[in-house]
Amino acid sequence: VQLQASGGGLVQAGGSLRLSCAASGNIFSIRVMAWYRQATGKQRELVAGISSGGLTNYADSVKGRFTISRDNAKNTVYLQMNSLKPEDTAAYYCNANILIAARANGMDYWGKGTQVTVSS
């Protein structure tokens with residue numbers, strides 16, 4: 001199983017970016033999909049998560065600015081980031097809890113980080 005993230009880049013404050021993360025490989029089903037971020041010198045933190053049924057949760061710092069969504073048919077999760085601030089600068093990582101068989105336990109998989117840099 002692999003997670004491939006894309007969509008990071010450099011943007012000015014107030015701008016927008018859309019991150020995508022596609023899961024591939026031996027996948028039976030995907031439970032929660034999420035985005036985390038890690039700024040230089042800081043711990044990795046949860047940005048947003050979404051269940052297979054579409055229930056979402058967000059970090060307080062991004063509520064009202066970021067929107068997480070997923071396409072279950074494509075095994076893909078998205079993060080629409082609007083009104084970006086310099087403090088949103090970080091490496092963003094996608095995470096998914098994936099079952100490889102009907103009776104298997106779910107396992108957490110991580111994509112490689114995609115850098116988001118917001119200039120002031």
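**Close-ups of a pocket and two loop residues**

**View 1. Three strands meet the largest pocket.** Strand E1 (2-6), strand E3 (17-24) and strand E10 (107-110) each chip in at least two residues to the lining of the largest pocket. Keep in mind as you look around that this is a predicted model. E1 gives the most to that lining, with four residues. As for size, the largest pocket has a volume of about 160 Å³.

**View 2. Who lines the largest pocket?** Going along the chain, you'll meet Val1, Gln2, Leu3, Gln4 and Ala5, then Ala22 and Ser24, and finally Tyr109, Trp110, Gly111 and Lys112. Sort the lining residues by character and you get six nonpolar, four polar and one charged.

**View 3. Asn75 sits in a loop with a positive phi.** Here we zoom in on the loop between strand E7 (66-71) and strand E8 (76-81), where you'll find Asn75. Its phi is near 50°, a positive value, and Asn75 is a residue other than glycine. Is Asn75 buried or exposed? Asn75 is partly exposed, because its relative accessible area is 24%, and partly exposed covers the range between the 20% cut-off for buried and the 50% cut-off for exposed.

**View 4. Ser83 is in a loop too.** Ser83 belongs to the loop that runs between E8 and strand E9 (90-99). Check its backbone: phi of Ser83 is near 50°, again a positive value in a residue other than glycine. With a relative accessible area of 40%, Ser83 counts as partly exposed.

Key
Residues numbered from 1 in each chain as written. Predicted model: local features only at pLDDT ≥ 70, side-chain atom pairs only at ≥ 80, totals over all residues. Heavy atoms only, no water. Buried < 20%, exposed > 50% of the residue type's maximum accessible area, 1.4 Å probe, protein only. 1 Å grid on protein atoms, 1.4 Å probe; cavity = no way out; pocket = protein on both sides within 12 Å on 5 of 7 lines; lining within 4 Å. Points joined across faces, edges and corners; volume = space filled by probe spheres on them. Nonpolar A, V, L, I, M, F, W, Y, C, P; charged D, E, K, R; others polar.
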